[in-house]
Amino acid sequence: MDWMIRFSFILVLIISYLYNMSQEIYDPVWFMETHTLLLGFILFSEVARAIMEKRYAENENDYKFTLIQTGFIAVTLLSFFATDFFGVFY
């Protein structure tokens with residue numbers, strides 16, 4: 001399942017690159033930009049990991065830690081992207 005998610009992400013990344021580069025004036029679609037796709041990939045793969053941990057892990061609480069970790073990663077990355085890394089990049 002992990003490899004299927006990875007190959008799908010690579011395919012979507014290539015398609016979005018080709019689409020954004022084919023535009024007359026470089027005005028990329030926001031949901032096809034690399035950082036948006038990367039955030040979606042990280043969140044989707046971690047949620048899939050949590051589902052597998054809930055079903056198959058020996059410790060029945062492993063998935064809770066994975067979901068908390070995913071939430072922390074999401075909040076951190078969203079704050080970085082929303083603030084341009086806290087004003088470092090202008």
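**Entry 1: a charge and a ring**

I began at the start of the chain and found R6 over the face of W3, 6.0 Å from the ring centre. A charge sits over a ring when NZ of Lys or CZ of Arg is within 6 Å of the ring centre and within 35 degrees of the ring normal. A reminder to myself: this is a predicted model, where local features need pLDDT of at least 70 and side-chain atom pairs count only at pLDDT 80 or more, while totals for chains, interfaces and linings use all residues. Residues are numbered from 1 along each chain as its sequence is written, and side-chain values use heavy atoms, with hydrogens and water left out.

**Entry 2: aromatic pairs**

How many aromatic pairs does a search of the whole structure find? I got six. Rings of Phe, Tyr and Trp (its six-membered ring) pair if their centres lie within 6.5 Å; planes under 30 degrees apart count as stacked, over 60 as edge-to-face and the rest as tilted. W3 and F7 make a tilted pair, because their ring planes meet at 35°, with the centres 5.8 Å apart. These two are four residues apart in helix α1 (residues 2-21), which means about one helical turn separates them. Helices here are DSSP runs (H or I, at least four residues), numbered from the N terminus. I recalled that an α-helix has 3.6 residues a turn, so residues three or four places apart point the same way.

Are W3 and F7 buried or exposed? W3 is exposed at 59% relative accessible area, and F7 is exposed too, at 54%. Buried means under 20% relative accessible area, exposed over 50%, and partly exposed in between (1.4 Å probe, protein chains only).

Next I looked at F80 and F86, whose planes stand at 85° with centres 5.5 Å apart, so the pair is edge-to-face. F80 is partly exposed at 27%, whereas F86 is exposed at 58%. Ring pairs join F80, F81, F85 and F86 into a cluster.

**Entry 3: the two sides of α1**

I checked the length of α1: its 20 residues reach 29 Å from first C-alpha to last, close to the 28 Å expected at 1.5 Å a residue. That expected span is 1.5 Å times one less than the number of residues. Which residues of α1 are buried? I noted I5, F9, S16 and N20. Seen down the axis they fall within an arc of 35°, so they line one face of the helix; the arc is that of the directions from the helix axis to the C-beta atoms. The face turned away from this buried side carries the exposed W3, M4, F7, L11 and L18.

What covers the buried residues of α1 includes α2 (34-56). I singled out N20, which is buried at 6%. Beyond its neighbours within four places in sequence, N20 is in contact (heavy atoms within 4.5 Å) with Y26, P28, V29, M32 and E33.

**Entry 4: α3 and what follows**

The 21 residues of α3 should span 30 Å, and the end C-alpha atoms are 30 Å apart, which agrees. Y63, T66, T70 and A74 are the buried residues of α3; they fall within an arc of 75° seen down the axis, so they line one face. They pack against α2, while F65, I68, F72 and V75 are exposed on the other side of α3.

I then picked A74, in helix α3 (residues 62-82), buried at 13%. A74 and L39 are 35 residues apart in sequence, yet 7.5 Å apart in space, C-alpha to C-alpha. My last note is on D84, which takes a positive phi of about 55° just after α3.
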